[in-house]
Every structure is written in C-alpha cells, then in structure tokens.
Amino acid sequence: MGKWQTKEQLVDLLCNIVSIPSVTGSLAEKQLPGYVVEQLRSLPYYQAHPDHVRANPTEDGRHFVTALVKKEGARDTIILVSHFDVVDVEDYGAWRTHAFDPQTLTPLFQANAAEMPAEVRHDLNTGNWLFGRGTMDMKCGLTLHMSMIERACEGEFEGNILLLTVPDEEVNSVGMRAAVPALLALAEEFDLSYKTVLNSEPMFTRFPGDQNKYLYTGSIGKVLPGFLCYGKETHVGEPFAGLNGNYMASQLTCELELNTSFCEVVEGEASPPPTNLIQKDLKKEYSVQIPHRAVTLFNLFLLEKRMEDVVEPLLQSAKKVAEQIKQTYVRHATQFAANAPFAPRELSINVLTYEQLHAYATKTYGEDRLIQLQADVVASRGEKDDRDMTIELVDQLAILCKELSPMIILFFAPPFYPAVSSRNHPVIQRVAAEMEAYAREQHKVTLVNQNYFGGISDLSYVGLQYPAASMQPLVANMPMWDRGYSIPLQELEAFDVPVMNLGPVGRDAHQWTERLDVDYAFDTLMDMLPRCIHSLLK
C-alpha cells in the first residue's frame with residue numbers, strides 16, 4: 001500500500017507537515033527540511049541511494065531539499081517544485097493557538113459556524129474542507145509530491161523525478177534563487193535532462209466567488225518600484241518656504257494606485273493594476289519641521305514587458321506628478337500671497353533614476369566617497385529588511401546630493417519575480433490539452449487553462465523570457481543588487497526549462513479561513529498528477 005498513497009495517509013502527512021509552524025524567517029522554517037529528509041530516507045530507495053536526497057544550504061542558514069529518483073539509463077527528468085514556508089498567523093486572533101493543527105481547528109470552526117462568513121459556513125457544511133495555515137498554500141503540494149516520489153521509487157514513471165522544496169517563497173525566494181545553480185550542478189552530476197518544472201501551487205480565484213478550476217502554464221512577474229521624494233525642509237509656520245515630502249509621495253500614490261495604463265493584456269488575460277505597499281516619511285522623530293523626505297513603493301505585475309518598458313512609463317508618471325505639484329504649489333502660493341507680503345518663489349522638481357543619481361554622485365563626490373557611504377549603510381543594517389535597506393541606501397545618496405532637491409528618485413526594491421510563460425511550448429501545449437480532456441472525461445472537472453499563475457510563485461526562477469542583459473535597467477536601479485540581494489541571471493538563462501502548475505483547490509490563502517478541498521486534493525488530483533507526469537515524460 002505504501003506510506004503516502006491513501007487519502008487517510010495523505011491527510012496525516014499533510015497535518016504532520018502543517019504542524020511544523022514554518023513561518024518565513026522562523027526557527028521552524030529551518031527545522032522543517034529535516035523532517036522532510038527524515039521521511040524520505042525511510043523509503044527503501046533512499047536507504048540504498050542516500051546521496052540522492054539532500055538538505056542544501058542557502059546563503060542565510062536555511063535549507064532547500066532535493067530528492068532524486070533516478071531511473072536506470074534515463075535522462076529525462078521532471079522537477080516537482082514546492083515551498084514549505086507559510087505566512088504568519090496573527091490574523092487568526094483567538095484561534096491562533098490552533099492555526100497549525102487542522103484536525104483540531106476544523107472541528108472548532110464547525111462548532112462555531114455561526115461566527116463564520118457565509119462562504120466558510122457553506123464549506124464547513126460539506127465536511128470536505130481542512131482548515132489551517134499552510135493546508136492550501138502550499139503544504140498540500142509538498143504532500144502530493146512526496147507521494148509521487150514514493151511512486152517513482154517503485155518504478156512507476158519512465159523517467160527521473162526530482163523533488164525540490166524550498167524556504168522563503170513568501171518573502172524573497174531565497175530558497176529558489178539558491179536552488180537554480182544547485183539544479184544545474186545536479187544535472188551535470190547525474191546526467192539529467194530537465195523536461196518540465198511542475199509546480200502544485202493551489203488554484204487562486206481571479207475574482208470574488210470564482211468557482212473555476214485552473215491549470216497554469218506560466219507564472220506572473222512582479223517588480224517593486226519605489227520613489228524617494230526629497231522636498232525642502234521648513235518650519236510648519238512657513239510651509240511655502242519648503243516642500244513637504246509626504247505631499248509629493250501622496251501625489252505619486254494617487255497617480256499610480258490602480259492605474260490601469262500599467263496593466264498588460266496577453267491573450268485576454270490582464271495583469272492587475274499597481275497598488276501601494278509602503279508609504280511613509282523618513283523623519284526619525286516628531287518635530288514642527290515638515291517631513292521633507294518620504295518614500296512610496298508599489299507592487300507592479302509583469303507579463304511580457306521588458307525592463308526598459310517598465311522604467312520609462314514610471315519616469316513619465318513621476319514627471320507628470322512633478323509638474324502637477326509645481327502648478328498646485330504656484331496656485332496656492334499666489335492665493336496666499338494676496339494676504340501676506342511675500343513673493344512666491346520658483347519651484348522645479350528634478351526627476352531622476354537611481355542610476356542617474358548614482359552617476360551624478362560619483363562625478364561630483366568621487367567613487368571612494370560613495371563606496372564608503374554604501375559600506376556604512378550596509379554595516380549598520382541591524383534588523384532592517386531588504387525594503388528598508390533599499391530606502392536607506394537611496395535616502396543617504398539623496399542627502400549627499402541634496403543640492404539637486406527638490407527631486408523624485410525612481411528605484412527598485414527586492415523582490416523581483418520575472419514573468420514566465422510556456423504557453424507556446426509544444427510539450428506544454430500537448431500535456432495541457434491532454435489534462436483538460438482527462439479531467440473532463442474521468443472526473444467531470446473543467447480545467448481552465450491560464451497562461452499565468454496570478455499568486456506569484458517560484459516558477460519565476462526557472463528561466464528568462466529575454467536575455468539576461470535586458471535586465472540591466474533593473475540591476476542598475478536596484479541599490480541592494482549584490483549587497484545582500486541578487487538573482488542568478490546567467491544561471492536562469494542557462495536553465496530555461498518549461499513550466500506547468502497543476503495544484504489543489506483551496507480558498508482564502510493568507511487569511512485565517514485558509515482551507516483545502518480534501519476530496520479534490522487527495523482523490524481527483526491524486527489521480528491526475530501521476531497522469532500529468534507520465535504525459536510530460538512521453
């Protein structure tokens with residue numbers, strides 16, 4: 001019967017994995033790979049081939065797991081990718097102590113159904129949903145992949161299967177970025193030819209109430225553009241003698257928030273518009289000096305745009321806002337001057353990329369000064385995350401070059417996810433069509449083929465749509481590049497493996513009502529996933 005083949009066995013394995021509270025950055029995230037390796041090493045195949053399962057270190061003390069099942073004489077290999085980190089559980093409130101215990105939490109929710117949202121009550125009444133952090137996103141995927149590995153160990157597939165499960169997908173994808181060079185090395189060591197990277201991220205709804213079931217042949221890209229706004233300091237009693245950084249940042253947010261001109265449409269699929277993720281002033285403490293430096297950062301999704309086509313519209317938006325601020329300032333100052341004896345001053349706002357500011361600083365103050373400034377910022381990092389570090393690097397450079405103010409500086413912060421799509425790859429086209437037909441005929445399930453998985457995933461790091469050199473506008477404008485954050489662009493260019501995502505049905509990822517459709521995951525998908533692997537190896 002095996003260890004992980006029946007629905008009961010799979011539910012038990014899932015609950016065991018969920019019980020390890022592997023929130024990104026936590027101690028448990030570092031411990032979970034040990035559990036996966038221990039479980040896999042209990043299989044006879046890995047007792048005979050102990051070097052085929054490995055916990056591989058990342059640069060920051062975490063580990064990703066690789067587990068290879070090698071078929072004698074075979075080169076063709078399918079990579080099964082998943083992540084084992086989860087977001088935190090603060091949103092669970094009073095239920096927080098049970099967030100990682102699905103077999104306790106689910107009955108608790110059933111007993112308190114009256115307190116639940118209507119959609120949750122409906123699912124509770126079916127008795128088919130398992131609640132808890134990570135049940136959907138995405139420890140079910142890892143559970144299913146471990147089951148496929150067990151089948152591979154028994155010789156089921158006519159090719160090689162390589163399990164890859166990584167940390168940190170939810171924040172910076174440290175695990176997947178470290179995995180790509182390791183995958184290239186494994187291919188050389190074991191003479192592997194990678195045919196597909198198959199993910200089992202859960203299906204994400206595209207709109208409230210979406211009941212569709214999806215098969216994905218790509219994954220959406222994401223970039224994090226920011227604007228540092230450097231105005232002019234003044235006392236609140238003389239506001240026209242300065243320029244408020246918060247005002248500048250707020251106008252940029254008004255311009256970019258939900259601006260559909262930044263959306264891309266590919267074969268009828270539209271990327272969501274940009275939305276603000278961080279906006280704040282950079283004053284260290286309260287005073288009656290206006291906050292003359294502020295920053296605003298946006299989530300911007302990508303499908304097929306090159307980086308040069310991302311930078312230019314952002315710059316144009318900043319220039320438009322700079323002109324609007326100038327006009328508004330002059331209008332208000334002129335009106336105020338009717339009641340006060342002062343002459344409104346001229347106002348101009350420089351709009352620069354970080355690359356341009358850096359070039360100006362190098363020319364004006366010398367490369368040695370810049371190197372020392374950046375080294376000082378990095379040395380005093382403390383608990384700052386990559387976003388805060390990026391802002392600090394831009395801010396200190398702007399302070400050095402304050403003679404250019406007022407100014408708006410465009411930059412990029414981590415993380416960056418390249419968009420990936422295999423919709424035109426002949427193997428992926430064939431297998432997607434086969435799986436749609438199989439789901440319909442065998443399970444009465446309609447799978448809708450989507451070009452891009454909309455939830456952001458580690459599939460972004462298995463190839464590049466465009467040459468690595470085309471990323472230069474990103475690299476040059478990302479202060480953290482090679483200072484604690486980078487992407488192995490040359491390795492991605494060399495890797496370039498087609499992708500597919502076939503995953504379970506879930507609801508409410510990153511919410512306290514996160515849940516998994518158990519029947520679909522461990523009956524329907526448990527039948528379709530091996531079929532998909534067979535087809536990919538054809």
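How many of the residues in strand S5 are buried? Here are some notes to help you find your way around this predicted model, starting with that strand.

1. **Strand S5.** This strand runs over residues 160-166 and is mostly covered, with seven of its seven residues buried. The cover is found on both faces. On one side sit Asn160, Leu162, Leu164 and Val166, on the other Ile161, Leu163 and Thr165, and all of these are buried.

2. **The neighbours of S5.** It may help to look next at the strands that pair with S5. Strand S2, residues 63-69, joins S5 in the antiparallel sense through five bridges. If you would like a place to start, find Thr66, whose bridge partner in S5 is Leu164. Strand S3, residues 76-83, also pairs with S5, but in the parallel sense and over seven bridges. There, His83 has Val166 of S5 as its bridge partner. Leu164 and Val166 belong to one and the same side of S5, and both are buried.

3. **The largest cavity.** The model contains two cavities of 30 Å³ or more. The largest of them holds about 100 Å³ of space. It is lined by 13 residues, and the closest to its centre are Lys305, Ala419, Gln465, Tyr466 and Met471. Sorted by class, this lining has eight nonpolar, two polar and three charged residues.

4. **The second largest cavity.** Here the space comes to about 30 Å³. Its lining is made up of Met203, Phe204, Thr205, Asn212, Tyr214, Val505 and Arg507. By class, that gives four nonpolar, two polar and one charged residues.

5. **The second largest pocket.** Which residues lie nearest the centre of this pocket? They are Asp60, Asn172, Arg381, Asp385 and Asp386, out of 14 that line it. The pocket has a volume of about 240 Å³. Two helices are worth finding here: H7 (174-190) and H12 (386-400) each supply at least two residues of the lining. As for the classes, the lining of this pocket counts three nonpolar, two polar and nine charged residues.

6. **Cysteines.** How many disulfides does the structure hold? The count is zero. Cys15 is in no disulfide, and the nearest cysteine sulfur, which belongs to Cys140, is 11 Å away. Cys15 counts as buried because its relative accessibility is 7%, and the cut-off for buried is under 20%. Cys263 is in no disulfide either, with the sulfur of Cys254 as the nearest cysteine sulfur, 17 Å away. At 22% relative accessibility, Cys263 counts as partly exposed. As a reminder, a disulfide is a covalent bond between the sulfur atoms of two cysteines.

7. **Glu255 and Lys320.** A last stop is helix H8, residues 245-256, where you will find Glu255. Is Glu255 buried or exposed? With a relative accessibility of 15%, Glu255 counts as buried. Its side chain is joined to that of Lys320 by a polar contact of 3.4 Å.

Notes:
Residues are numbered from 1 along each chain as its sequence is written. This is a predicted model: local features need pLDDT of at least 70, side-chain atom pairs count only at pLDDT 80 or more; totals for chains, interfaces and linings use all residues. Side-chain values use heavy atoms; hydrogens and water are left out. Buried means under 20% relative accessible area, exposed over 50%, partly exposed in between (1.4 Å probe, protein chains only). Helices (H or I, at least four residues) and strands (E, at least two) are DSSP runs, numbered from the N terminus. Two strands pair if DSSP finds at least two bridges between them. On a 1 Å grid over the protein atoms alone, a cavity is a set of points where a 1.4 Å probe fits but cannot get out, and a pocket is an open set with protein on both sides within 12 Å along at least five of seven lines; lining residues have an atom within 4 Å of a point. Grid points are joined across faces, edges and corners, and a volume is the space filled by probe spheres set on the points. Ala, Val, Leu, Ile, Met, Phe, Trp, Tyr, Cys and Pro count as nonpolar, Asp, Glu, Lys and Arg as charged, and the others, Gly among them, as polar. A disulfide is a pair of cysteine sulfur atoms within 2.5 Å. A polar contact is a pair of N or O atoms within 3.5 Å; within protein, one must be able to donate a hydrogen and the other to accept it, and residues adjacent in sequence count only if both atoms are side-chain atoms.
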